[in-house]
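Biologist: Could you take me through this chain step by step, with a reason for each answer?

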Amino acid sequence: MKIIGGSASGMLAGELARVLDADLVETEFRRFPDGEGYARILGDLNDERVLLVQTTLPDPNIVELFLWQDAVNDFDIESLITLTPYFGYSRQDKAFESGEAVSARAIAERIELFTDEVVVVDIHNSKALEYFEKPVTHLTAAPAFARYLDGKVDIVLSPDEGRVEMANGVSEILGTDTDYLEKIRHDATTVEIKTKSLDVTGKRVAIVDDIISTGGTLGLAAKQLKEEGVESIIALCTHGLFIGDAMDKLYNCAEVISTDTVESEHSKISVAQEIADAIG
Ligand code: R5P
């Protein structure tokens with residue numbers, strides 16, 4: 001297998017090459033003064049199975065992905081797997097008002113035009129996957145979280161009902177307890193948030209989520225857990241976007257960790273093993 005790493009996903013592409021014992025293809029990518037991209041593959045891809053890795057955030061990286069797909073398809077390849085570790089634009093999976101663009105459809109349909117298969121990790125809204133007609137593999141970072149957390153926590157929590165499956169997946173591997181934070185609305189302006197059933201006093205807790213964007217969700221969860229008397233909090237997300245002052249909101253967390261689907265100084269966990277196991 002030959003691997004092409006786009007400029008948003010060099011770290012993960014390198015790790016995949018190592019785990020899969022595959023060749024990372026030499027490439028050249030640069031931008032013209034007006035911001036347009038130039039992509040060139042320097043190796044030979046003829047007769048090869050190719051894995052293209054590029055996160056689709058921010059928008060210029062989407063265009064870069066299309067340039068790589070175009071360049072790859074000029075070779076006589078065996079097949080192309082396009083891995084978008086973070087698939088942006090999954091939120092809007094339908095038109096709520098007439099005339100709205102369905103952004104999940106717009107991106108999915110264009111990505112699959114020039115590929116044989118697609119791989120995504122912890123897509124924010126799995127309904128977006130319905131817009132792919134070609135085979136799509138949807139992976140979770142839960143086993144990677146478990147590798148990192150082994151021996152470090154007593155409880156794995158979801159910050160809301162939305163990520164219960166992810167928290168359960170991690171806790172099952174670790175053999176720990178699991179729970180989620182429940183929102184209780186008392187009236188139009190008062191919302192209480194608390195752990196659904198477990199007593200977390202004195203416990204070492206991990207909170208897991210698919211995304212940290214503004215940090216609001218995990219920041220609020222961590223604040224509540226502190227009030228409930230936890231010993232320590234590790235916050236983990238698959239996709240660390242860390243918009244604006246997100247990190248400031250996470251001051252109650254001893255550690256804030258993300259995977260390498262979106263690369264940053266917090267990318268301490270790799271999902272390369274999960275991807276390799278799926279596409280090997
Ligand atoms: C919600 O459905 C998601 O799982 C995340 O909790 C949310 O997108 C995180 O966003 P933020 O960091 O802005 O609260």
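Biologist: In this predicted model, is Asp122 buried or exposed?

Modeller: Asp122 is found in the loop between β7, residues 117–121, and β8, and phi of this residue is near 40°, a positive value in a residue other than glycine. The relative accessible area of Asp122 is 8%. Because a residue counts as buried under 20%, Asp122 is buried.

Biologist: Asp47 is not a glycine and has a positive phi too; is Asp47 buried or exposed?

Modeller: Asp47 lies in the loop between β4 and β5, and its phi is about 65°. Its relative accessibility comes to 60%, and the cut-off for an exposed residue is over 50%. Asp47 therefore counts as exposed.

Biologist: What is the relative accessible area of Tyr38?

Modeller: Tyr38 lies in strand β4, which covers residues 37–41, and it touches Glu28, Phe29, Arg30, Phe32 and Leu67, when residues up to four places away in sequence are not counted. A residue that falls between the limits of 20% and 50% is called partly exposed, and Tyr38 belongs to that class because its relative accessible area is 26%.

Biologist: How far apart are the C-alpha atoms of Tyr38 and Asp154?

Modeller: Along the chain, Tyr38 and Asp154 are 116 residues apart. In space, the separation of their C-alpha atoms is 49 Å.

Biologist: Which peptide bond is cis, and what is its omega?

Modeller: The place to look is the loop between β5 and α2, where Pro58 is found. The cis bond joins Leu57 and Pro58, and its omega is about -10°.

Biologist: Which strands are the edges of the open sheet of six strands?

Modeller: The order in this sheet is β2-β1-β5-β6-β7-β8, with parallel pairing. An edge strand pairs on one side only, and here the edge strands are β2 (23–24) and β8 (136–139).

Biologist: Which residue of β2 stands opposite Ile3?

Modeller: Strand β1, made of residues 2–5, pairs with β2 in the parallel sense over two bridges. The residue of β2 that stands opposite Ile3 is Leu24.

Biologist: Which helix packs on this sheet, touching β1, β5 and β6?

Modeller: The strands touched are β1, β5 (49–53) and β6 (79–84). The direction of the helix, which spans residues 59–72, makes about 170° with that of β6, and the helix is α2.

Biologist: How do α4 and α5 lie relative to each other?

Modeller: Helix α4, residues 142–149, and helix α5, residues 164–174, pack with their axes 9 Å apart and at an angle of about 45°. This angle is neither under 35 degrees, as roughly parallel would require, nor in the range of 65 to 115 degrees for roughly perpendicular. The two helices, α4 and α5, are therefore oblique to each other.

Biologist: How many residues of that contact are nonpolar?

Modeller: On the α4 side the contact is made by Ala142, Pro143, Phe145, Ala146 and Leu149, and on the α5 side by Met166, Gly169, Val170, Ile173 and Leu174. Among these residues, none is charged and one is polar. The number of nonpolar residues is nine.

Biologist: What is the average twist from one strand to the next in the open sheet of seven strands?

Modeller: The order of this sheet is β11-β10-β9-β12-β13-β14-β15, with mixed pairing, and its edge strands are β11 and β15 (267–269). From one strand to the next, the twist averages 35°.

Biologist: Do β10 and β11 run parallel or antiparallel?

Modeller: Strands of a sheet pair through backbone hydrogen bonds in either sense. Strand β9 (155–158) is joined to β10 (177–185) by four bridges, and these two run parallel, with Ile155 opposite Asp177. By contrast, β10 and β11 form a hairpin with five residues between them, and Leu181 stands opposite Thr195 in β11. Five bridges join β10 to β11 (191–195), and the two run antiparallel.

Biologist: Which residue of β14 is the bridge partner of Ala235?

Modeller: Strand β13 (232–240) and strand β14 (255–259) run parallel and are joined by four bridges. In β14, the bridge partner of Ala235 is Val256.

Methods. Residues are numbered from 1 along each chain as its sequence is written. This is a predicted model: local features need pLDDT of at least 70, side-chain atom pairs count only at pLDDT 80 or more; totals for chains, interfaces and linings use all residues. Side-chain values use heavy atoms; hydrogens and water are left out. Axes are lines fitted to C-alpha atoms, for helices over the stretch in contact, and angles run from 0 to 180 degrees between N-to-C directions. Angles under 35 degrees count as roughly parallel, over 145 as roughly antiparallel, 65 to 115 as roughly perpendicular and the rest as oblique. Contact means heavy atoms within 4.5 Å. Ala, Val, Leu, Ile, Met, Phe, Trp, Tyr, Cys and Pro count as nonpolar, Asp, Glu, Lys and Arg as charged, and the others, Gly among them, as polar. Two strands pair if DSSP finds at least two bridges between them. Buried means under 20% relative accessible area, exposed over 50%, partly exposed in between (1.4 Å probe, protein chains only).
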